[in-house]
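Here are my notes on this model, set out as numbered points. Keep the structure open beside you and find each residue as you read.

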Amino acid sequence: MQDCVFCKILRGELASEVIAETDDIIVIKDINPKAPIHFLIIPRKHMNDIQSMAHVDFFYGSKIFAMAYHLSKTIPNAQDFKLHVNSGKTAGQIVMHLHVHFIAGKLEGAL
Ligand code: AMP
């Protein structure tokens with residue numbers, strides 16, 4: 001997707017702080033963190049939101065859980081965390097490339 005911010009990051013056209021990556025997903029620091037630890041788990045494939053996923057792409061769900069598990073084990077102070085998805089504009093989604101917020105460190109009041 002030409003104008004998608006996360007696709008630009010994935011293509012290396014936009015800078016970001018990469019925390020982890022696999023063949024299927026990338027994890028970056030949120031540019032405007034709502035908690036001491038606020039990452040975005042982003043599938044490499046462009047999908048607008050959960051509603052527009054094809055059934056064959058549902059494996060991304062388990063990849064994202066596996067990544068959350070990995071982050072919780074390897075990032076200091078992230079053993080307890082929240083996963084948060086805004087799916088669709090009226091649900092508060094701003095960047096229309098499916099992503100999951102990984103939030104830890106201070107959970108009260110974060111998203
Ligand atoms: P959402 O409301 O779920 O679409 O959230 C989009 C998130 O992406 C927000 O928390 C933004 O701060 C974050 N964001 C937007 N642009 C960037 C960027 N270039 N690098 C990192 N995070 C970003």
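1. Start with the elements around the ligand. Helix α1, residues 5–11, and strand β2, residues 25–29, each supply at least two residues of the shell. Helix α1 gives the most, with 3 residues. Bear in mind that this is a predicted model.

2. Next, look at the shell residue by residue. There are 17 residues around the ligand. D30, I94, V95, H99 and H101 come nearest. Mark these five in your viewer before you go on.

3. What classes of residue make up the shell around the ligand? Nonpolar residues number 8, polar residues 6 and charged residues 3. Keep that mix in mind for the next point.

4. Now check the polar atoms that face the ligand's oxygen atoms. N86 uses its side chain: a polar atom there lies 3.0 Å from an oxygen atom of the ligand. G92 uses its backbone instead, with a polar atom 2.9 Å from a ligand oxygen. I94 also brings a polar backbone atom, 2.7 Å from an oxygen atom of the ligand. Recall that I94 is among the residues that come nearest to the ligand. On its own, the ligand has 510 Å² of accessible area, and the protein covers 86% of it.

5. Where does the ligand sit in terms of pockets? The space it takes is the largest pocket.

6. Move on to D57. You will find D57 in the loop between β3 (37–43) and α2 (59–74). Is D57 buried or exposed? The relative accessible area of D57 is 6%, under the 20% limit, so D57 counts as buried. The side chain of D57 has a partner: a polar contact of 2.8 Å joins it to the side chain of K45.

7. Two residues in one loop deserve a look. N77 is in the loop between α2 and β4, and Q79 lies in the loop between α2 and β4 (81–84). N77 has a relative accessible area of 57%; that is over 50%, so N77 is exposed. Q79 has 55% relative accessibility and therefore also counts as exposed.

8. The backbone of N77 merits a separate check. N77 has a positive phi of about 65°. N77 is not a glycine, yet its phi has that sign.

9. Q79 also gives a distance to try in your viewer. Pick the C-alpha atoms of Q79 and K106. These residues are 27 residues apart along the chain, and their C-alpha atoms are separated by 12 Å.

10. Finish with D3, in the segment before α1. Why does D3 count as exposed? Its relative accessible area is 66%, and the limit is over 50%, so D3 is exposed. Compare the position of D3 with that of H84. D3 and H84 are 81 residues apart in sequence. From C-alpha to C-alpha, D3 and H84 are 24 Å apart in space.

Notes:
Residues numbered from 1 in each chain as written. Predicted model: local features only at pLDDT ≥ 70, side-chain atom pairs only at ≥ 80, totals over all residues. Heavy atoms only, no water. Near = heavy atom within 4 Å. Polar contact = N/O pair within 3.5 Å; in protein donor to acceptor, adjacent residues only side chain to side chain. Areas by Shrake-Rupley, 256 points an atom, 1.4 Å probe, with all protein chains shown as cover. 1 Å grid on protein atoms, 1.4 Å probe; cavity = no way out; pocket = protein on both sides within 12 Å on 5 of 7 lines; lining within 4 Å. Sits in = over half its atoms within 2 Å of the grid points. Helix = DSSP H or I, 4+ residues; strand = E, 2+ residues; numbered from the N terminus. Nonpolar A, V, L, I, M, F, W, Y, C, P; charged D, E, K, R; others polar. Buried < 20%, exposed > 50% of the residue type's maximum accessible area, 1.4 Å probe, protein only.
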